[in-house]
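Please examine the model shown here with attention to one helix pair and one histidine.

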Amino acid sequence: MMDATASDGHRFSQLDHLESEAMFIIREIVAENESPGLLFSGGKDSIVMLHLAAKAFAPASLPFPVVHIDTGHNFDEVLLFRDRVVEALGVRLIVGSVPEAIEEGFVREEPSGSRNRIQTPVLLRTAEQHGLTALMGGARRDEEKARAKERVFSFRDEFGQWDPKNQRPELWSLYNGRIHAGESIRCFPLSNWTELDIWEYIAREGIEVPSIYYAHEREVFQRNGMYFAVNRHCLPRDGEHTFTETVRYRTVGDATLTAAVLSQARTAADVAAEVAASRITERGATRGDDKVSEAAMEDRKKEGYF
């Protein structure tokens with residue numbers, strides 16, 4: 001008896017299933033929503049999502065803009081990559097600038113210098129200014145416990161806020177994108193992917209990512225058990241000594257809070273093998289902002305964080 005998953009000798013792999021599901025979700029949010037946008041930071045998850053979106057609508061161009069909330073604390077390699085990819089695909093880039101918002105007095109920088117929390121009002125204002133009623137993000141459930149309990153279609157009220165106790169059922173992959181005026185949807189097509197799936201897909205598809213995702217020598221210092229790179233946004237404090245190590249980044253966020261990990265992985269396949277052996281998530285290993293409290297991510301999401 002022929003296997004139900006086989007047809008003409010072809011068998012759907014785990015990555016094939018994930019790719020198909022993500023493309024279906026992307027098409028679904030575009031079909032159901034008046035004015036969607038795709039959040040694009042230049043990180044690996046948003047790169048994969050942009051790749052999936054391009055495949056989902058090929059040979060047509062993308063029917064929505066990409067949106068980047070620029071903290072002003074970005075890694076230079078990531079910004080250069082973002083601009084190159086956007087130009088190559090010919091998509092419209094919308095940038096919400098946190099430094100400009102600080103200059104205007106719209107938000108105030110925290111004493112610590114972190115701009116993670118003040119991204120939220122800038123994101124909400126940017127979406128409102130451009131009439132974006134749905135935003136696709138690259139969040140995955142394996143990253144962090146607050147993200148693990150969020151739906152694929154995440155309903156946000158007129159203030160852009162998320163209520164974990166008020167989520168819509170998604171039985172049989174049926175997604176309800178209906179909203180009233182002022183409300184919006186956050187959509188997460190990569191919800192069921194893991195970090196390992198992302199890297200295996202990058203290797204399979206030959207997707208280019210910023211060079212800092214691969215092992216390279218960098219001047220670093222240790223803080224709270226993590227390796228932070230020396231850059232104009234993040235400098236060692238008194239008593240913190242710099243040294244050179246071979247490192248890579250598992251995630252690229254605010255350069256003042258995102259740490260590197262020791263690594264010799266120089267290809268996507270190498271990274272996938274390294275991730276398979278890891279027992280800690282990329283956010284747990286490298287993001288200082290998630291160590292503020294046990295509920296740091298959930299608190300930010302309730303305020304409107306993507």
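The paragraphs below treat the helix packing and then the histidine site.

This is a predicted model, in which local features need pLDDT of at least 70 and side-chain atom pairs count only at pLDDT 80 or more, whereas totals for chains, interfaces and linings use all residues. Residues are numbered from 1 along each chain as its sequence is written, and side-chain values use heavy atoms, with hydrogens and water left out.

Helix H2 spans residues 44-57 and helix H7 residues 195-205; helices are DSSP runs of H or I with at least four residues, strands are E runs of at least two, and both are numbered from the N terminus. Their axes come within 11 Å and cross at roughly 55°, an axis being a line fitted to C-alpha atoms over the stretch in contact, with angles from 0 to 180 degrees between N-to-C directions. H2 is therefore oblique to H7 (not under 35 degrees, over 145 or 65 to 115). To this contact (heavy atoms within 4.5 Å), H2 contributes Lys44, Asp45, Val48, His51, Leu52 and Lys55, while H7 contributes Glu195, Ile198, Trp199, Tyr201, Ile202 and Glu205.

Histidine 216 belongs to strand E9, residues 216-223. With a relative accessible area of 18%, histidine 216 is buried (under 20%, with a 1.4 Å probe and protein chains only). What does the side chain of histidine 216 reach at 2.8 Å? The partner is the backbone oxygen of tyrosine 214. Beyond its neighbours within four places in sequence, histidine 216 is in contact with residues including Glu245, Tyr249 and Arg266.

Key: Buried < 20%, exposed > 50% of the residue type's maximum accessible area, 1.4 Å probe, protein only. Polar contact = N/O pair within 3.5 Å; in protein donor to acceptor, adjacent residues only side chain to side chain.
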